[in-house]
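Please open the model in your viewer with the cartoon displayed and side chains ready to be switched on. The stops below go from the overall fold to single residues, and each one begins with something to select.

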Amino acid sequence: MDHHCPWLNNCVGHYNHRYFFSFCFFMTLGCVYCSYGSWDLFREAYAAIEKMKQLDKNKLQAIANQTYHQTPPPTFSFRERVTHKSLVYLWFLCSSVALALGALTVWHAVLISRGETSIERHINKKERRRLQAKGRVFRNHYNYGCLDNWKLFLGVDTGRHWLTRVLLPSSHLPHGNGMIWDPPPWVTAQSASVMAV
């Protein structure tokens, strides 16, 4: 198990961890794309909102002075106001989600590179401190090296699997059953490490 996700109301574990990470990664890319692609629209909409504020301020001053004899400037319609405010809201929402979800995605990428889950990180941290106090060194025996950890996580057994299992949708099952863990056959014996030396 990696963690319980309150937003999904589901536990992220052995069988759905890859889908959770893919969801976070592609949502982050989508939000970055949306924020970047709408940057010019955001600037125009923001400038229009500022212009609306200035026009409303001038209109109030003219009403207060009752000396406004020129034709008033055209006001923005309700639809234009809503459109400009929605574009500004869209940009801020997408940008903030990209930052927050991007940080979560990077954190999980680091954990995957180390061969850990969120819960294992806490367990390994305590174990590292305990063994350090005894003068021993802790080594995570599920860490097969960065590239092999990613291969194991994504279920890549051959070079062709990078396309068929990573870039294209795939419902292949991960190695093991989540309770009993044997290293996959392609992991070399020297990369499997012992827990405490």
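With the whole chain in cartoon view, six helices and two strands can be picked out in the protein, and this is a predicted model. Colour the chain from the N terminus onward, and the elements follow one another in the order β-β-α-α-α-α-α-α. Switching to a surface display brings up an accessible area of about 13,700 Å², of which carbon and sulfur atoms account for 64%. Of the 197 residues in the protein, 30% are buried. If contacts are drawn between residues at least 6 apart in sequence, 68% of them join residues at least 24 apart.

**The two strands**

Select residues 3–5, which form strand β1 and include His3. Is His3 buried or exposed? With a relative accessible area of 18%, His3 is buried, because buried means under 20%. Now show what surrounds this side chain: beyond its neighbours within four places in sequence, His3 is in contact with Asn10, Cys11, Val12, Phe20, His108 and Ser118.

One of those partners, Cys11, is the next selection, and it belongs to strand β2, residues 10–12. Cys11 has a relative accessibility of 35% and therefore counts as partly exposed. Apart from neighbours within four places in sequence, the contacts of Cys11 are with Met1, His3, His4 and Asn16. A distance drawn from the C-alpha atom of Cys11 to that of Met1, ten residues away along the chain, comes to 7.2 Å.

**Helix α1**

Move on to residues 17–37, helix α1, and place a distance between its two end C-alpha atoms. Those atoms are 30 Å apart, and this agrees with the 30 Å that 21 residues should span at 1.5 Å a residue. Which residues of α1 are buried? Show the side chains of His17, Arg18, Phe20, Phe21, Cys24, Thr28, Cys31 and Ser35, which are the buried residues of this helix. Phe20 is also among the contacts of His3 in strand β1, so that selecting both links this stop to the previous one.

Within the helix, pause at Cys24, which counts as buried because its relative accessibility is 2%. Select Cys146 for contrast, where a relative accessibility of 46% means that the residue counts as partly exposed. How many disulfides does the structure hold? The number is zero.

**The salt bridges**

The structure holds three salt bridges, and they can be visited in the order of the sequence.

Begin with Asp40 and Arg43, whose closest N and O atoms are 3.7 Å apart. Both residues lie in helix α2, residues 39–65, where a separation of three residues places them about one turn of the helix apart. Asp40 is partly exposed, with a relative accessible area of 49%, and Arg43 is likewise partly exposed, at 48%.

Next select Arg114 and Glu116, which form a salt bridge with the closest N and O atoms 3.9 Å apart. Arg114 counts as partly exposed at 39% relative accessibility, whereas Glu116 is buried, with a relative accessible area of 8%.

Finally, select Glu127 and Arg130, whose side chains meet in a salt bridge with an N to O distance of 2.5 Å. Because these two residues are three residues apart in helix α4, residues 118–133, about one helical turn separates them. Glu127 counts as buried at 19% relative accessibility, a value that falls under the 20% limit for buried residues, while Arg130 is partly exposed, with a relative accessible area of 39%.

**A nonpolar patch**

For the last stop, return to the surface display and select Leu104, Val106, Trp107 and Val110, which make a nonpolar surface patch of about 310 Å². Where does Trp107 lie? Its place is in helix α3, which covers residues 78–114. With the surface made transparent, look at the Trp107 side chain, which counts as partly exposed because its relative accessibility is 34%.

Key. Residues numbered from 1 in each chain as written. Predicted model: local features only at pLDDT ≥ 70, side-chain atom pairs only at ≥ 80, totals over all residues. Heavy atoms only, no water. Helix = DSSP H or I, 4+ residues; strand = E, 2+ residues; numbered from the N terminus. Expected span 1.5 Å × (residues − 1). Buried < 20%, exposed > 50% of the residue type's maximum accessible area, 1.4 Å probe, protein only. Disulfide = S-S within 2.5 Å. Contact = heavy atoms within 4.5 Å. Patch = residues over 30% accessible without salt bridge, like charges linked within 9 Å, V, L, I, M, F, W, Y side chains within 5 Å. Areas by Shrake-Rupley, 256 points an atom, 1.4 Å probe, with all protein chains shown as cover. Salt bridge = Lys/Arg side-chain N within 4 Å of Asp/Glu carboxyl O.
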